[in-house]
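Here are my notes for a first look at this model. Please read them with the structure open beside you.

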Amino acid sequence: MSDLHKEVSELERKSATAARLFDIRRIIGGLFVVYGVIVTIAGINPSEADLKKAEGVHINLWTGLAMLVLGLFFLVWLKLRPAEAPGGSDTGTDA
């Protein structure tokens, strides 16, 4: 019976790790940060043609900064409110 309990505990631990690893906030936040950096870099020194298309607005710079802020928001949210293990709250005490 003890081996079965150990195996179940190990599977629960792996499930909790997978839930935290594949949290959608991590994926969305990471992608927005990466794309935000790329678009911000592209928007730092726009060409005259790009500025003319955007009617004088540094659209890549502003969009990149907004993407960075949104991505960082998701990552901070993930850090402050981590994902809970599925069904882990009613299993008893963890002493």
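1. Start with Asp-23. Its side chain and the side chain of Arg-25 are joined by a polar contact of 2.6 Å. Keep in mind that this is a predicted model.

2. Where does Asp-23 lie? Look in the loop between helix H1 (2-21) and H2. Is Asp-23 buried or exposed? The relative accessibility of Asp-23 is 10%, so this residue counts as buried; the cut-off for buried is under 20%.

3. Asp-23 also has partners further along the chain. Leaving out residues up to four places away in sequence, Asp-23 touches Leu-78 and Ala-83. Leu-78 falls within the range of helix H4 (residues 59-80).

4. Now step back to the whole protein. Its secondary structure consists of four helices and zero strands. Read from the N terminus, the order of elements is α-α-α-α.

5. Two totals help to place the details. The protein has 95 residues, and buried residues make up 16% of them. Asp-23 belongs to that buried group. As for contacts, take those between residues at least 6 apart in sequence: 78% of them join residues at least 24 apart.

6. Next, the pairing of H2 and H4. Helix H2 covers residues 24-44, and helix H4 covers residues 59-80. Their axes come within 7 Å of each other and cross at roughly 155°. Angles over 145 degrees count as roughly antiparallel, and H2 and H4 are therefore roughly antiparallel to each other. The crossing of H2 past H4 is left-handed.

7. What residue classes make up the contact of H2 with H4? There are 18 nonpolar residues, nine polar ones and two charged ones.

8. Thr-40 deserves a close look. This residue sits in helix H2. Thr-40 has a relative accessible area of 10% and is therefore buried. Which residues does Thr-40 touch, not counting those up to four places away in sequence? They are Asn-60, Leu-61, Gly-64, Leu-65 and Leu-68.

9. One of these partners, Leu-65, comes up again. The side chain of Thr-40 reaches the backbone nitrogen of Leu-65 at 3.4 Å. Compare the partner types in the two polar contacts: for Thr-40 the partner is a backbone nitrogen, whereas for Asp-23 the partner is the side chain of Arg-25.

10. To retrace the path, begin at Asp-23 in the loop between H1 and H2. Then move to Thr-40 in helix H2. Finish at the left-handed crossing of H2 and H4.

Definitions and conventions. Residues are numbered from 1 along each chain as its sequence is written. This is a predicted model: local features need pLDDT of at least 70, side-chain atom pairs count only at pLDDT 80 or more; totals for chains, interfaces and linings use all residues. Side-chain values use heavy atoms; hydrogens and water are left out. Axes are lines fitted to C-alpha atoms, for helices over the stretch in contact, and angles run from 0 to 180 degrees between N-to-C directions. Helices (H or I, at least four residues) and strands (E, at least two) are DSSP runs, numbered from the N terminus. Angles under 35 degrees count as roughly parallel, over 145 as roughly antiparallel, 65 to 115 as roughly perpendicular and the rest as oblique. A crossing is left-handed if the near helix is turned anticlockwise from the far one by less than a right angle, and right-handed if clockwise. Ala, Val, Leu, Ile, Met, Phe, Trp, Tyr, Cys and Pro count as nonpolar, Asp, Glu, Lys and Arg as charged, and the others, Gly among them, as polar. Buried means under 20% relative accessible area, exposed over 50%, partly exposed in between (1.4 Å probe, protein chains only). A polar contact is a pair of N or O atoms within 3.5 Å; within protein, one must be able to donate a hydrogen and the other to accept it, and residues adjacent in sequence count only if both atoms are side-chain atoms. Contact means heavy atoms within 4.5 Å.
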